[in-house]
Amino acid sequence: MTTQVIVLNGGSSSGKSGIVRCLQAVLPDPWLALGTDTLVEAMPAAMRASDAGIEFAPDGEVTVGPEFRTLEAAWIEGVAAMARAGARVIVDEVFLGGVGSQQRWHKALDGLRVLWVGVRCDGAVAAGREVARGDRTIGMAASQADVVHQGVVYDLEVDTAQAESMECARAIAVLVE
């Protein structure tokens, strides 16, 4: 069975998006890139500052409410449906709930061939990238660097503080069947 979904999990500014772009360049078949940012951007603006939706605190903490969870569940099922319909999908995710987040994806992706990849990056390095990007709440990268990996099981882990995006993508591509 060929790999149908690649799930990249890592904190904000860990380098996931760069790896995704490199994967799309090095993998022989076309792959769709979808991520948690895609979901958040698709939500009504009012949900991006609501305790029922998603809130970004000034210190970088992210909290999600019941309306966010409802839409997230539908989105995860939709991503799984696209993979079942024949699209190959790279998911750029931030498992704020650690193992609980992975379990939601496991359930939806049941029966599909999935490659689970942890994208690690030292919190201080990610925080530096966060400042340089200028489009993230300061503190988000440091607060997420470790918590998103708690209890999560991977097929492969890469460290973007130690390797460039293309090097990480090539290490991942070797495992794609």
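Trainee: Is glutamate 72 buried or exposed?
Mentor: This is a predicted model, and the answer follows from its atoms. Glutamate 72 has a relative accessible area of 8%. The cut-off for buried is under 20%. Glutamate 72 is therefore buried.

Trainee: Which residue in helix H3 is about one helical turn from glutamate 72?
Mentor: The two residues are three places apart in helix H3. Their side chains also meet in a salt bridge, at 2.7 Å from N to O. The partner is partly exposed, with a relative accessible area of 30%. That residue is arginine 69.

Trainee: Arginine 104 also forms a salt bridge with glutamate 72, so how many residues apart in sequence are the parts that this pair ties together?
Mentor: In this salt bridge the closest N and O atoms are 3.7 Å apart. Arginine 104 lies in helix H4 and glutamate 72 in helix H3. The pair therefore ties together parts whose separation in sequence, in residues, is 32.

Trainee: Which residues are joined into one network by salt bridges that share partners?
Mentor: Glutamate 72 meets arginine 69 in a salt bridge, and arginine 104 forms a salt bridge with glutamate 72. Arginine 104 is partly exposed, at 32% relative accessibility. The network joins Arg69, Glu72 and Arg104.

Trainee: Which residue meets lysine 16 in a salt bridge?
Mentor: A search of the whole structure finds seven salt bridges. In this one the N to O distance is 3.8 Å. Lysine 16 lies in helix H1 and its partner in strand E5, so the pair ties together parts that are 76 residues apart in sequence. Both are buried, and the partner is aspartate 92.

Trainee: Which helix gives the most residues to the largest nonpolar core?
Mentor: That core has 27 residues, of which Val5, Val7, Trp105, Leu109 and Trp116 touch the most other members. Elements that each supply at least two residues include strand E1, helix H2, strand E5 and strand E6. The element that gives the most, with six residues, is H3.

Trainee: How many residues are in the second, separate core?
Mentor: Nonpolar side chains tend to be buried together in soluble globular proteins. Here a second core includes Ile6, Val20, Trp31 and Leu115. Its residue count is 19.

Trainee: How far apart in space are arginine 84 and leucine 112, C-alpha to C-alpha?
Mentor: Arginine 84 is in helix H3 and is partly exposed, with a relative accessible area of 44%. Leaving aside neighbours within four places in sequence, its contacts are Ala108, Leu109, Asp110 and Leu112. Arginine 84 and leucine 112 are 28 residues apart in sequence, but their distance in space is 7.3 Å.

Trainee: What is the relative accessible area of serine 14?
Mentor: Serine 14 is found in the loop between E1 and helix H1. Not counting residues up to four places away in sequence, serine 14 touches Val119, Arg120, Cys121, Arg129 and Thr160. Serine 14 is buried, with a relative accessible area of 3%.

Trainee: What is the value that phi of serine 13 is near?
Mentor: Serine 13 lies in the loop between E1 and H1 and is buried, with a relative accessible area of 5%. Its phi is positive, in a residue other than glycine, and is near 65°.

Terms used: Residues are numbered from 1 along each chain as its sequence is written. This is a predicted model: local features need pLDDT of at least 70, side-chain atom pairs count only at pLDDT 80 or more; totals for chains, interfaces and linings use all residues. Side-chain values use heavy atoms; hydrogens and water are left out. A nonpolar core is a set of buried Ala, Val, Leu, Ile, Met, Phe, Trp, Tyr and Cys residues joined through side-chain atoms within 4.5 Å. Buried means under 20% relative accessible area, exposed over 50%, partly exposed in between (1.4 Å probe, protein chains only). Helices (H or I, at least four residues) and strands (E, at least two) are DSSP runs, numbered from the N terminus. Contact means heavy atoms within 4.5 Å. A salt bridge is a side-chain nitrogen of Lys or Arg within 4 Å of a carboxyl oxygen of Asp or Glu.
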